[in-house]
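Here are a few notes to read alongside the structure. Keep the viewer open and find each part as you go.

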Amino acid sequence: MYFKFFIVFSINFYLFIYSTSANNNLSNYEIVNFAIPLSLTSLEGDPDNGRNIVISREGNCLACHIVPNISDKFQGNIGPSLAGVGNRYTIGELRLRLVDPYVISPTTLMPAFYKNKGLIRVDEKYIGKSILTAQQIEDVISWLITLKIN
Ligand code: HEC
């Protein structure tokens with residue numbers, strides 16, 4: 001149990017230290033029925049870029065999730081597999097899950113990727129910054145929504 005917490009803490013710490021894309025001017029958004037229905041940006045998401053963010057260190061999602069059709073041997077199982085998330089959620093629900101999952105589940109181990117306040121144990125350099133930019137969030141969502149199981 002302690003070991004698992006140590007791993008999760010290390011991953012979060014790593015995410016905050018190494019996120020090169022951190023930014024501090026966050027867009028405003030409205031939460032409606034556990035979803036953020038409107039895009040954070042005016043540009044459409046780019047699914048190819050989204051996939052790259054998910055499987056690279058930028059998102060570091062593989063640390064906790066199994067992602068379909070990726071050959072990386074080191075995929076985590078702290079979170080559920082992302083296979084079929086495109087069936088399970090709407091775009092707006094996926095957006096809230098990435099932006100601020102604590103709204104849905106205050107004790108979740110899933111990091112908030114677009115939040116810069118109310119976080120704990122943030123390295124000084126990253127105080128006031130989010131892990132991903134608004135456009136990166138939209139890119140990731142546009143790829144996640146394609147993960148459907150027929
Ligand atoms: C530190 C571990 C961790 C990291 C890193 C992480 N997640 Fe998660 N994620 C979780 C956990 C745990 C859950 C389960 C949510 C809960 O606690 O209710 C989850 C849930 C989700 C869900 C909802 C899945 C479902 O079937 O309900 C999505 C979508 C998701 N994560 C996407 C991502 C993406 C995309 C990234 C990378 C940008 C990411 N996660 C990074 C731990 C993580």
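1. Start at the ligand, and keep in mind that this is a predicted model. There are 27 residues around the ligand, and the ones that come nearest are Gly-59, Cys-61, Cys-64, Gly-79 and Met-110. As for helices, α1 (2–18), α3 (85–88), α4 (91–99) and α5 (134–144) each give two or more residues to that shell.

2. What is the shell around the ligand made of: nonpolar, polar or charged residues? It divides into 18 nonpolar residues, 7 polar ones and 2 charged ones.

3. Now look at α5, which gives two or more residues to the ligand shell. This helix is mostly covered, with 11 of its 11 residues buried. The buried residues include Gln-135, Glu-138 and Asp-139, along with Ile-137, Val-140 and Trp-143. And what covers them? Among the elements doing so are α2 (47–55), α3 and α4.

4. Next, the largest nonpolar core, which has 23 residues. Inside this core, Leu-98, Val-99, Phe-113, Tyr-114, Ile-137, Val-140 and Leu-144 have the most contacts. At least two core residues come from each of α2, α4 and α5. The largest share is from α5, which supplies 6 residues.

5. Finally, zoom in on Tyr-114, one of the core residues with the most contacts. Leaving aside residues up to four places away in sequence, Tyr-114 touches Leu-26, Leu-98, Val-99, Asp-100, Ser-130, Leu-132, Ala-134 and Ile-137. Two of these, Ala-134 and Ile-137, are buried residues of α5, so try picking them out in the viewer.

Conventions. Residues are numbered from 1 along each chain as its sequence is written. This is a predicted model: local features need pLDDT of at least 70, side-chain atom pairs count only at pLDDT 80 or more; totals for chains, interfaces and linings use all residues. A residue is near a molecule or strand if its C-beta atom, placed from the backbone, lies within 6 Å of it. Helices (H or I, at least four residues) and strands (E, at least two) are DSSP runs, numbered from the N terminus. Ala, Val, Leu, Ile, Met, Phe, Trp, Tyr, Cys and Pro count as nonpolar, Asp, Glu, Lys and Arg as charged, and the others, Gly among them, as polar. A residue is buried if 20 or more other C-beta atoms lie within 10 Å of its own, exposed if 12 or fewer, and partly exposed in between; C-beta atoms are placed from the backbone. Two residues are in contact if their C-beta atoms, placed from the backbone, lie within 7 Å. A nonpolar core is a set of buried Ala, Val, Leu, Ile, Met, Phe, Trp, Tyr and Cys residues joined through C-beta atoms within 7 Å.
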